[in-house]
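Me: Please take a close look at one part for me: the paired charges and their setting. I am a first-year student, so keep the sentences short.

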Amino acid sequence: MAKVVTDDKHYGAIGDAIRENLPDSHYLKGVGFTPAEMPAAIGEVRVTGEDTGYWCGYSEGEQAEYDRMWDMLQQNGNRNAYSYAFIDWGWEYIHPKYKIIPVVDQISYLFGFNINLKKAEAQYIDLSQRTSNSDTSSATGNNCVFIGCSELEEVEDIGMLAGYYYRTFRKCPALHTVAIVRFNSATMIYQMFDNCSSLVNLSVEGTIGQNGLDLQWSNSLSGSSIASVIHALSKTTAGLSITLSETAVNNAFTAAQWATLTGEKPNWSIHLV
Amino acid sequence: MRVRTVLYADEGTMLTNGTDFGAVIWLADGVSPDTYRAIPMEEYEAILAGREAEESDEAGVDRAWN
């Protein structure tokens, strides 16, 4: 036979729980409550708790847990290999306890698919210390570092070096600014900025000497950014091409300005989409 | 005086050299226009869609740590 619990028994249990959580000296300690009085009595439990230091140590505990997590993840600040380290994380800003400084190993997908990430700040990330950064193989480049970061708006100068740029910023439709990317004439580029439809500011350092730079989605790319790309094109290669947005070029340059700019690099075919 | 050849795709088509695409092509010195052919826009869009599928497959593999 099913056990029947009446409302009175429920209320009685709630009243007992309230009294148990009040200090012995509290004037409500030995008082019975009607159901209507219980919400206020529960409020008394909270107020009493705060007055008696219930929250004491909370922030210290919170900090201790933060430290414990990052000390473990970053090996007390000694971690130097970060491949895949933060793939799929949900943070908006990369604010670790220790600056992220990969030295060895690849950095593939370092922040890949961080769909809430807004900004990558130089204060917290330094990719320039990698010992094999000049290697052009896919193992040591900037492979998919920010791929799929759909809310990412800005990447400061975080020391991106002339490693292989394979889908580094692919599927970053909110990306507005990339402070600096660095190339050398051997740097491979493949689908680096695919779907970057909001890109305005891009500064290129070094020399672009390989096929594959495709900025066709970036209709708002600024004139100075386009010029930065053109200036970086190698003068000694032959048979190579880049792709830009026709809308961006037409918005940024007159026909005469564009002819002058492209005239700097007659050895490159320039595709406009 | 330098003369630069510019190719323009017809409406509804895209020009390609087999690897890259463009509606307008500022040709490099020494590159023949014959290097390029026009393809229907639908074919171009299908190629772009293929890239998407390729990425999805790859991401799935990478996330599985293979």
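Reply: Start with the naming of parts: helices (H or I, at least four residues) and strands (E, at least two) are DSSP runs, numbered from the N terminus. This is a predicted model, in which local features need pLDDT of at least 70 and side-chain atom pairs count only at pLDDT 80 or more, while totals for chains, interfaces and linings use all residues. Residues are numbered from 1 along each chain as its sequence is written, chains are lettered from A and ligands numbered from 1 in the order in which they are written, and side-chain values use heavy atoms, with hydrogens and water left out.

Now to the charges. Side chains of opposite charge can pair when their charged atoms come close. The pair counts as a salt bridge when a side-chain nitrogen of Lys or Arg is within 4 Å of a carboxyl oxygen of Asp or Glu. Over all chains, that rule gives ten salt bridges. Let us walk through some of them.

Begin inside a helix. Asp16(A) and Arg19(A) form a salt bridge, with N and O 3.0 Å apart. Both residues sit in helix α1 of chain A, which covers residues 7–20. They are three residues apart, so about one helical turn separates them. How covered are they? Buried means under 20% relative accessible area, exposed means over 50%, and partly exposed is in between (1.4 Å probe, protein chains only). Asp16(A) has 39%, so it is partly exposed. Arg19(A) counts as buried, because its relative accessibility is 19%.

Next comes a pair that reaches across the sequence. The side chains of Asp67(A) and Lys97(A) make a salt bridge, at 3.5 Å from N to O. Asp67(A) belongs to helix α3 (residues 58–73) of chain A, and Lys97(A) to the loop between α3 and β1 (119–120), so this pair ties together parts 30 residues apart in sequence. What about their cover? Asp67(A) has a relative accessible area of 21%, so it is partly exposed. Lys97(A) is partly exposed too, because its value is 31%. The story has a third member: Asp67(A), Asp71(A) and Lys97(A) are linked in a network of salt bridges.

Now look at two strands. Glu154(A) and Lys119(A) form a salt bridge, with their closest N and O atoms 3.9 Å apart. Glu154(A) is in strand β2 (residues 154–155) and Lys119(A) is in strand β1, both of chain A, so the pair ties together parts that are 35 residues apart in sequence. At 29%, Glu154(A) is partly exposed. Lys119(A) is also partly exposed, because its relative accessibility is 24%.

The loops around these elements deserve a look as well. Go back to the loop between α3 and β1 of chain A. Lys97(A) lies there. Tyr109(A) is found in that loop too. The phi of Tyr109(A) is positive, about 55°, although the residue is not a glycine. Is Tyr109(A) buried or exposed? Tyr109(A) counts as buried, because its relative accessible area is 1%.

Move on to the loop between β1 and β2 of chain A, which holds Cys144(A). Its phi is also positive, near 55°, and this residue is again something other than glycine. Cys144(A) is buried, because its relative accessible area is 0%.

One loop further lies Ala162(A), between β2 and β3 (165–166) of chain A. Ala162(A) has 12% relative accessibility, so it counts as buried. How far is it from Asp88(A)? The two residues are 74 apart along the chain, and 25 Å separates their C-alpha atoms.

For contrast, take a residue in helix α2 of chain A. That helix covers residues 38–51, and Ile42(A) is placed in it. Ile42(A) has a relative accessible area of 46%, so it is partly exposed.

Last, a glance at the partner, chain B. It has one helix and five strands. Along the sequence, the order is β-β-β-β-β-α. Chain B has 66 residues, and 33% of them are buried.

To recap the paired charges in chain A: Asp16(A) meets Arg19(A), Asp67(A) meets Lys97(A), and Glu154(A) meets Lys119(A).
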